[in-house]
Amino acid sequence: MNNNFSNRIQDQLLGSFRGKSVLVTGAFGFIGSHVAARLHALGADVSVLDVDAAPTRPSLLNEQGLRSLLRVHEGSVSDFPLVRKIFSERRFDYVFNLAAHASTVEKAIEDPLETFAVNSLSVVAMLEAMRLAGNVPTMFFHASTDKVYGELNDAAYLEDDPLFAEGLYDTAKMAADAFARSFHRVFKIPTVVLRMCNIFGPYDMNIQSRLLPKSLAALFAADTPEAPTLYTGSQGHSRDYLYIDDLVNCVLLLTATPACQGEAYNAISCAHQTTPEMMQALWSAAQAEAVHFDPVRAELIRKNGIRRVAAQNSEQVLTITRQHLNSDKLQAAIAYQPQVTLEDGLRRTAHFYRAYFEGQRQSGPVAQVASA
Ligand SMILES: NC(=O)c1ccc[n+]([C@@H]2O[C@H](COP(=O)([O-])OP(=O)(O)OC[C@H]3O[C@@H](n4cnc5c(N)ncnc54)[C@H](O)[C@@H]3O)[C@@H](O)[C@H]2O)c1
């Protein structure tokens, strides 16, 4: 990151969050853990709420020894009595809603009711609990997704486009996105919504389901690497990608900007890639990582290549073909450009997962992964 820019952002965020009381939901997940860790590093007084906060769970908060420094609530964001208790006992300056029951499309199909309860109703539960307690925060951040728009027909999604979500995960996120904005319009509660693209980086433990961790598991989890799988059905798909550190900066800057309340913003991205392009770039990054630490594995990764499989999604998985966000509104609001390129982000991601799976193979605790 450019040093002057990085220092300016750091100063701005220190000024906004040092000494502030914050709550992060879904804090043991991928994005929530990075947001909570960064807020702690900025000197905020961090509370977290997650339905699965077990001390042994693979999460940045557990593996970097952060959990003992935070106030941990274990429970569900959709448990209204619990949420009422938390918000009546304390006023948080900032609330970051990063919990999701099914943060992947396939999992939502397994349990639509729970998906709606956690991904939509919980937003109403939390905002209503704060309102009833008279403990309204300075800003409530809600994590939304580009999937709320549905299929892309124009060059890029704009915030004012109609929302045409169709899949179960997408529709639940669309309802939450609308509720967050509605609570601002009706009750003047300061809320801000960020519609995020595909985020990647260390500690995404959705290893069974998401393209990057799943592919890196194929390459590094077993003693002998397997070829990562590219489904022919996804060959025509394209997505925006953003490295986790850049996302965290955007989330914090947006939340700290009072003029953003009541608004929804599209995220920025470091690259727009077709799925085969992304897979190729990841495969190259994994090879380059392996060359340094395990040349035999690197050669096998090269030889195996990428496995192309002709498989259809279940008809119930409604996959959007093309997703691309116009981020002019966000850039005008927070003056932020991605600092980590796709190449560098993939290098750091491959570095993390190689070390993570190596630690798993040696069946010891996951070694501290040196930041790349
Ligand atoms: N990762 C992405 O690329 C991406 C893209 C767009 C939007 N999002 C949204 O960002 C948010 C965070 O995603 P993520 O990638 O960190 O997901 P994740 O699956 O890694 O983390 C979700 C967290 O929520 C927790 N959770 C689940 N049910 C809960 C409940 N009932 N109460 C409290 N906590 C609960 C989980 O235990 C987990 O820690 C989600 O709302 C997701 O929809 C993510």
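Two strands count as paired when DSSP finds at least two bridges between them. Keep that in mind for E1 and E2: five bridges join them, and they run parallel. One caution before I go on. This is a predicted model.

Let me stay with E1. It covers residues 21-25. Four of its five residues are buried, so the rest of the structure largely encloses this strand. On the E2 side, leucine 23 stands opposite serine 47. On to the connection. E1, helix H2 and E2 make a β-α-β unit, and that unit is right-handed. H2 itself takes in residues 30-41.

E1 has another partner, E4. Four bridges join E1 to E4, again in parallel. Look at threonine 25: its bridge partner in E4 is asparagine 97.

Now E2. Five of its six residues are buried, so to speak of it as mostly covered is fair. E2 also pairs with E3, in the parallel sense, over four bridges. Valine 48 has valine 72 as its bridge partner in E3.

Now the whole sheet. In what order do the seven strands of this open sheet run? The order is E3-E2-E1-E4-E5-E6-E10, and the pairing is parallel. Which strands stand at the edges? E3 and E10 do, E10 being residues 263-266. Each has a single partner strand, so one side of each is left without a neighbour in the sheet. From one strand to the next, the twist averages 20 degrees.

Further along that order sits the E4 and E5 pair. E4 is residues 94-97 and E5 is residues 139-145. Four bridges join them, and they run parallel. Phenylalanine 96 meets a phenylalanine there: its bridge partner in E5 is phenylalanine 141.

Next, a helix on this sheet. H9, residues 244-255, lies across E4, E5, E6 and E10. Its direction is at about 160 degrees to E6, which is residues 191-196. H9 has twelve residues, and its first and last C-alpha atoms are 16 Å apart, close to the 16 Å expected at 1.5 Å a residue. Buried or exposed? H9 is mostly covered, with ten of its twelve residues buried. Among the buried ones are Ile244, Asp246, Asn249, Cys250 and Thr255.

Compare a helix with a short buried list. H4 is residues 80-89, and its buried residues are Val83, Ile86 and Phe87. Why do I speak of one side of H4? Those residues cover an arc of only 90 degrees around the axis, which puts them on the same side of the helix. The general rule helps here. An α-helix has 3.6 residues a turn, so residues three or four places apart point the same way. The face of H4 turned away from the buried side carries exposed residues, Pro81 and Glu89. What does the buried side pack against? Strand E2, strand E3 and helix H6, which is residues 112-133. That brings us back to E3, an edge strand of the seven-stranded sheet.

Now the other sheet. It is open, has three strands in the order E7-E9-E11, and its pairing is mixed. E7 and E11 are the edge strands, each pairing on one side only. Neighbouring strands here are turned by 40 degrees against each other on average, direction ignored. E7 and E9 run parallel, and three bridges join them. Isoleucine 199 has leucine 242 as its bridge partner in E9. Helix H10 lies across E9 and E11, running at about 105 degrees to E11.

Last helix: H13, residues 342-361. Its 20 residues should span 28 Å at 1.5 Å a residue, and its end C-alpha atoms are 28 Å apart, which agrees. Its buried residues include Leu342, Gly345, Leu346, Arg348, His351, Arg354 and Tyr356. What do the buried residues of H13 pack against? They pack against strands E7, E9 and E11, and against helices H8 and H10. H8 is residues 211-220, and H10 is residues 275-293. After H13 comes serine 363, whose phi is positive, near 50 degrees.

To sum up. One open sheet has seven strands in parallel pairing. The other has three strands and mixed pairing. H9 lies across four strands, E4, E5, E6 and E10. The buried residues of H13 pack against E7, E9 and E11, among other elements. That's it from me.

Definitions and conventions:
Residues numbered from 1 in each chain as written. Predicted model: local features only at pLDDT ≥ 70, side-chain atom pairs only at ≥ 80, totals over all residues. Buried ≥ 20, exposed ≤ 12 C-beta atoms within 10 Å, placed from the backbone. Helix = DSSP H or I, 4+ residues; strand = E, 2+ residues; numbered from the N terminus. Arc of directions from axis to C-beta. Contact = placed C-beta atoms within 7 Å. Axes fitted to C-alpha atoms, helices over the stretch in contact; angles between N-to-C directions. Expected span 1.5 Å × (residues − 1). Right-handed = clockwise from strand over helix to strand, strands pointing away.
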